[in-house]
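Here are some notes on this one, jotted down as I went through it. Have the structure open while you read.

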Amino acid sequence: MTIGVCYFPEHWPSDDWERDVERMADAGIEYVRMAEFSWGRVEPARGEFDFEWLDDAVDLVGEHGMAAVLCTPTATPPKWLVDERPGILQVDRDGTTRNWGSRRFTCFNSDAYRRETERIVRAFTERYADHPAVVGWQTDNEYGCHDTVRCYCDDCADAFRDWLREKYQSVAALNEAWGTTFWSQQYDSFAAVDPPRPTPADQHPSRLLDYYRFANDSVVEYNRLHADLVREANDDWFVTHNFMGDFDSLDAHSLAADLDFLAWDSYPTGFVQDRRQGDPTVDELRAGDPDEVGLNHDLYRGADGTPFWVMEQQPGDVNWSPHGPQPGEGAMRLWAHHAVAHGGDAVCYFRWRRCRQGQEQYHAGLCKPDGSPGRGYRDAAQAADELFDLGPVDAPVAVLHDYENLWATEIEPHAPDWNYWSHLRAFYDAVRRHGVQTDVVAPGVDLSGYDLVVAPALHLVDDERAAALRAYAEAGGRVCFGPRTGVKDPANKLHRASAPGPLADLVGATVDQRESLPGQVPTRVDLDGERYDYRTWAEWLAPDDADVVATHAGGVAGGRPAVVERDVGDGGVAYCGVWPEPDLADELLTRYLDAAGVVRTDRLPDAVRVAERGGYTWITNFGSESVDLDVPPGTDFIVGGPTVDGFDVAVVDAAPPDLSFN
Ligand code: GAL
């Protein structure tokens, strides 16, 4: 478990490097990521390479006992290349070219850009193939950042047609799968299919979903090109990529097969402002939302427990969120501990020094522009001193997350405030509020090792998926489904049978009606004599062979079942037909955690989360108020003590259920 940093030596006079690198080593930093956007510096004109500066920087890192992680520099090709080959640029839906001058503007399907990629990646990887300080590579940077997974250029149009030919074989099969008789949308050839460019009314949902899949596959292929070249040069190197938080358009799980582990970029105080529903609290502006960050840690951790990296960890204030608050005192250290508790093996801060040039001058570094240590440096050094080696996380619960369900529900949100991640969080948070480690995995993984599977919105379901879930439940597993489950087939068409379609037998109920509701309509259910709120999404259930757990409390739906459950084989299944607010989610999830025999804590204070890894439990306090902790006699505090201050952390050798808070 270790600390790293992202360094851009090319931004600083070479006289500074020795002192910078020495300071990194003094802080206990072990990994230095470099070269990320360096193509223009390394190849100032076609075929004229200047690697010497990077050689020096890599040597320095090695001489100070640290390891270098290098990046393929393809997120920012130089101007001369774009001038030579303007066809490599991406095009927006409306036909606007995405121009050179920032980053991530090149098309994943451009043959010319793939050839250029191969050329530059080979030059980099061959150069460092035998360098003892280089241990691995990050491919490119944040694929899809700035909404660039989907491009609408002519190369993409051709590639989409090929992708459809391969998938459907005949245009008749495509027409049948999509259902193109609606609004006369039949095609007479694959050549007639275009990317979904702007239309007056909504696009056909099946065409859109396939375009999203195709665009995703294009990134997978492009990434594979990088990964293969890196391994060709040196098979001992690791290959990873830095994904983003709560990111919609790229299926991170689909790139996993080509990477040794997944990494992601965590900016907690930015995320609560720019990608989460609801206004952030004052404490969240200082430390972020632990479950928003935690969910992404869990998503990027491998389903088999493979540790993830935080490749970029917020080092202080950031420039791209609406506001740039300073994190709370100690928050940068808190985030490192929180990541490790969730199964992270390395936390690399972005960036070493606040930069004096370019687009990110209002973004902190661990150090100030003059190179002297800042707030982040002290936090990073303390974390580096405190972290210790651990085995993988062992989670008893899986939350199923699937990008195709995300895309399909966001293509037809059916409510302005439908948000896939918020909805997933309603269920995920309820598990986390009870100190239970949770994997966030694709539905196709082997579920047999989990005690409880939570499927918040398993929207697209076919017979095969339904059979796998039935087998899991019959063998003793417990499943809790959420609303919008089993509504459509994988082509994004409604099942003939009422939802949950192929899962109806397993659930023992169908959805009689569904509705989406704005805030002025009361949305409540009755459960065990208590009344609970839900939001936005309601289904009226018709049980056939299931017990009613909760009923709608009033209005047109009054008295109709809202949540049902039943035993199946040695396990059981529950179906929650509403988007639960926290108290309802808590009531339901504790019921199913207990039924599944998952050991849990009482409901934790809102800003406090606990997580166990390798026999140690982390108590992370994302609030500004201190909390007092009761631990069993004989418990050792490896970090901190029984009073956990605001934005502070403690680590004990006891299990979460043995802890309590005053
Ligand atoms: C990340 C990106 C970095 C830098 C950082 C600023 O999304 O990968 O290159 O721009 O944001 O917070």
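1. A word on terms before we start: I call a residue buried when its relative accessible area is under 20%, exposed when that figure is over 50%, and partly exposed in between. With that in hand, look at helix 15, where Tyr403, Asn405, Leu406, Trp407, Ala408, Thr409 and Ile411 are buried. Keep in mind throughout that this is a predicted model.

2. Staying with helix 15: the helix runs over residues 403–411, and 7 of its 9 residues are buried, so "mostly covered" is a fair description given the under 20% cut-off. What does the covering? The elements over its buried residues include helix 8, helix 9, helix 12 (290–300) and helix 16 (420–432). Have a look at the start of helix 15 as well, where a side-chain oxygen of Asp402 comes within 3.2 Å of the backbone nitrogen of Glu404.

3. Now zoom out. The protein chain holds 19 helices and 27 strands. Its radius of gyration is 26 Å, and a compact globule of 662 residues would be near 26 Å, so the two agree. Along the principal axes, the C-alpha trace spans about 75 × 75 × 45 Å.

4. On burial and contacts for the whole protein chain: 60% of the 662 residues count as buried. Take the contacts with a separation of 6 or more, and 72% of them are between residues 24 or more positions apart. The accessible surface comes to about 24,700 Å², with 44% of that belonging to carbon and sulfur atoms.

5. On to charges. Side chains of opposite charge can pair when their charged atoms come close. How many salt bridges does a search of the whole structure find? The count is 56. The next few points pick out some pairs to click on.

6. Start with Asp55 and Arg127, whose closest N and O atoms are 2.4 Å apart in a salt bridge. This pair links distant parts of the chain, with Asp55 in helix 3 (residues 52–63) and Arg127 in helix 5 (residues 111–128), 72 residues apart. Are the partners buried or exposed? Asp55 is buried, at a relative accessible area of 17%, while Arg127 counts as partly exposed at 39%.

7. Next, Asp260 and Arg231 form a salt bridge with their closest N and O atoms 3.2 Å apart. Asp260 sits in the loop between helix 9 (252–255) and strand 7 (263–266), and Arg231 is in helix 8 (residues 205–233), so the pair ties together parts 29 residues apart in sequence. Asp260 is partly exposed, with a relative accessible area of 39%, and Arg231 is partly exposed too, at 24%. Helix 8 and helix 9 should ring a bell, since both are among the elements covering the buried residues of helix 15.

8. The pair Arg613 and Asp345 is a salt bridge between strands: the closest N and O atoms are 2.8 Å apart, with Arg613 in strand 21 (residues 608–613) and Asp345 in strand 9 (residues 344–350). The partners are 268 residues apart, so mark this as another link between distant parts of the chain. Arg613 counts as buried, at 1% relative accessibility, and Asp345 as partly exposed, at 22%. Elsewhere, salt bridges that share partners join Glu43, Arg46, Glu84, Arg85, Glu116 and Arg119 into one network.

Technical notes
Residues numbered from 1 in each chain as written. Predicted model: local features only at pLDDT ≥ 70, side-chain atom pairs only at ≥ 80, totals over all residues. Heavy atoms only, no water. Salt bridge = Lys/Arg side-chain N within 4 Å of Asp/Glu carboxyl O. Helix = DSSP H or I, 4+ residues; strand = E, 2+ residues; numbered from the N terminus. Buried < 20%, exposed > 50% of the residue type's maximum accessible area, 1.4 Å probe, protein only. Contact = heavy atoms within 4.5 Å. Polar contact = N/O pair within 3.5 Å; in protein donor to acceptor, adjacent residues only side chain to side chain. Rg over C-alpha atoms; globule rule 2.2 N^0.38 Å. Areas by Shrake-Rupley, 256 points an atom, 1.4 Å probe, with all protein chains shown as cover.
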